[in-house]
Amino acid sequence: MKFKKLKMIGLALGLSAALAACGNGSSNDVDNSNKEEDKEINLAYVEWDSEIASTHVIGKVLEDLGYDVTLTPLDNAIMWEAVANGEADASVAAWLPVTHGEQYEAYKDDIVDLGENLSGAKIGLVVPEYMENVDSIEDLNKHANMQITGIESGAGVMQATERALQEYENLADWELVPSSSGAMAVALGEAIKNKEEIVVTGWTPHWKFAKYELKYLEDPKGVFGGEETINTFVRKGLEDEMPDAFKVLDNFHWTTADMESVMLDISNGMSPADAASKWVEENAEKVAKWTEGIE
């Protein structure tokens with residue numbers, strides 16, 4: 001993979017402020033001398049609403065510490081490979097043990113897993129509450145034109161859904177339609193507006209659960225696994241080269257409610273950068289725990 005040749009669609013948060021901080025030796029000299037060696041950090045993430053929220057928040061915190069932060073959205077598999085190869089520095093977007101289980105097994109020896117930054121995550125098939133006679137995957141029959149509205153191909157929830165089509169006999173003639181996270185949310189909103197049947201690939205945390213009355217379908221075969229965590233992983237060598245950034249990433253931990261509040265602001269029209277800034281400003285005590293001992 002020639003990662004450096006990829007079109008970098010990442011967002012540099014507050015670049016001018018970060019450069020000003022780096023150019024002023026007064027603050028950098030307070031820390032150890034290694035701090036001045038590299039204040040540029042690249043955070044990779046899969047472009048789901050949840051990971052857009054978390055990556056922009058941690059990016060904002062690092063920016064406020066004087067880092068020149070680049071946020072790079074990538075395909076799921078490429079995100080893992082990029083950190084493993086050292087082309088990206090870190091990611092706070094690892095869903096384990098199921099959603100990104102395949103990628104974790106492939107790259108676990110080439111990364112540093114810092115553990116969970118959020119617990120209570122979940123994936124599965126989701127329908128509106130008004131589909132009253134559908135409570136389990138096994139209840140699906142001719143519903144929703146026998147289609148499941150998915151997201152990006154290759155995502156863990158998509159792979160799990162492909163397995164569900166094989167495991168559940170009643171889904172043998174169903175079709176999984178790939179799209180994107182945004183397109184799935186739009187299709188869901190339109191269906192709910194018209195009180196139509198729809199089945200989507202879903203995950204928690206996601207703002208759609210705060211906006212609509214939805215339910216996960218029971219999964220008696222356990223294809224989608226149980227409760228998951230979202231983990232942080234970094235490239236090898238980051239702790240030695242950027243100890244403060246490593247410390248923040250290692251300390252980063254928040255709740256489903258925290259994440260969904262940022263996601264909801266974004267879904268209501270606020271830019272990811274502004275939503276992240278708002279959350280960081282309103283949660284100074286929590287951020288202080290992530291940055292404790294730095295400066």
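A residue is called buried here when its relative accessible area is under 20%. Keep that in mind, since by this cut-off buried residues make up 51% of the 295 residues in the protein chain. What you have open is a predicted model.

**Stop 1: the whole chain**

Start with a cartoon view of everything. How many helices and strands are there? The chain holds 13 helices and ten strands. Now think about contacts between residues at least 6 apart in sequence: 81% of these join residues at least 24 apart.

**Stop 2: the core**

Next, select Ile41, Phe224, Leu249, Trp254 and Trp290, and show their side chains. These are the residues with the most contacts inside the largest nonpolar core, which has 92 residues. Colour strand β5, residues 111-128, as well: this strand gives the most to the core, with eight residues.

Zoom in on isoleucine 41. Setting aside neighbours within four places in sequence, its contacts include Leu62, Tyr67, Val69, Met242, Ala245 and Leu249. Leu249 is also on the list of core residues with the most contacts. Two aspartates, Asp68 and Asp89, are in contact with isoleucine 41 too.

**Stop 3: a pocket beside Ile41**

Stay with Ile41 and add Glu40, Asn42, Glu87 and Asp89. Of the ten residues that line the second largest pocket, these five lie nearest its centre. The space in this pocket comes to about 150 Å³. What kinds of residue make up the lining? Five are charged, three polar and two nonpolar. Select strand β2, residues 40-46, to see the element that gives the most to the lining, with three residues.

**Stop 4: helix α4**

Now pick residues 76-85, which form helix α4. Which of its residues are buried? They are Asn76, Met79, Trp80, Ala82, Val83 and Ala84. As you look down a helix, remember that an α-helix has 3.6 residues a turn, so residues three or four places apart point the same way. Met79 and Val83 are both among the buried ones.

Check both ends while you are here. At the start of α4, a side-chain oxygen of aspartate 75 comes to within 3.2 Å of the backbone nitrogen of alanine 77. After the helix comes glycine 86, with a positive phi near 80°.

**Stop 5: two serines**

Select serine 54, in helix α3 (residues 49-64). Is it buried or exposed? Serine 54 counts as buried because its relative accessibility is 0%. Beyond neighbours within four places in sequence, serine 54 is in contact with Val92, Phe252, Trp254 and Met259. You met Trp254 at the core stop, as one of the residues with the most contacts there.

Then jump to serine 267, in helix α11 (residues 256-267). Serine 267 counts as partly exposed, because its relative accessibility is 27%. A polar atom of its side chain lies 2.8 Å from the backbone oxygen of leucine 264. Add glycine 182 to the selection: it is 85 residues from serine 267 along the chain, yet their C-alpha atoms are separated by 9.7 Å.

**Stop 6: a buried loop residue**

Go to valine 134, in the loop between β5 and β6 (147-149). Valine 134 has a relative accessible area of 2%, so it is buried. Which residues does it touch, apart from neighbours within four places in sequence? Valine 134 is in contact with Val127, Asp139, Leu140, His143, Lys215 and Leu217. Glutamate 218 is worth adding: it sits 84 residues from valine 134 in sequence and 9.3 Å away in space, C-alpha to C-alpha.

**Stop 7: backbone oddities**

Finish with the backbone itself. Most residues other than glycine have a negative phi, and most peptide bonds are trans. Here are some exceptions to select.

- Leucine 96 to proline 97: this peptide bond is cis, with omega near 10°. Proline 97 is in the loop between β4 (90-96) and α5 (101-107).
- Threonine 204 and proline 205: a cis peptide bond joins them, with omega about 10°. Look for proline 205 in the loop between β8 (200-204) and α8 (208-211).
- Methionine 146: its phi is positive, near 55°. Like valine 134, methionine 146 lies in the loop between β5 and β6.
- Lysine 195: its phi is positive, near 55°. You'll find lysine 195 in the loop between α7 (181-193) and β8, and its relative accessibility of 58% means that it counts as exposed.

How values were computed: Residues are numbered from 1 along each chain as its sequence is written. This is a predicted model: local features need pLDDT of at least 70, side-chain atom pairs count only at pLDDT 80 or more; totals for chains, interfaces and linings use all residues. Side-chain values use heavy atoms; hydrogens and water are left out. Buried means under 20% relative accessible area, exposed over 50%, partly exposed in between (1.4 Å probe, protein chains only). Helices (H or I, at least four residues) and strands (E, at least two) are DSSP runs, numbered from the N terminus. A polar contact is a pair of N or O atoms within 3.5 Å; within protein, one must be able to donate a hydrogen and the other to accept it, and residues adjacent in sequence count only if both atoms are side-chain atoms. A nonpolar core is a set of buried Ala, Val, Leu, Ile, Met, Phe, Trp, Tyr and Cys residues joined through side-chain atoms within 4.5 Å. Contact means heavy atoms within 4.5 Å. On a 1 Å grid over the protein atoms alone, a cavity is a set of points where a 1.4 Å probe fits but cannot get out, and a pocket is an open set with protein on both sides within 12 Å along at least five of seven lines; lining residues have an atom within 4 Å of a point. Grid points are joined across faces, edges and corners, and a volume is the space filled by probe spheres set on the points. Ala, Val, Leu, Ile, Met, Phe, Trp, Tyr, Cys and Pro count as nonpolar, Asp, Glu, Lys and Arg as charged, and the others, Gly among them, as polar.
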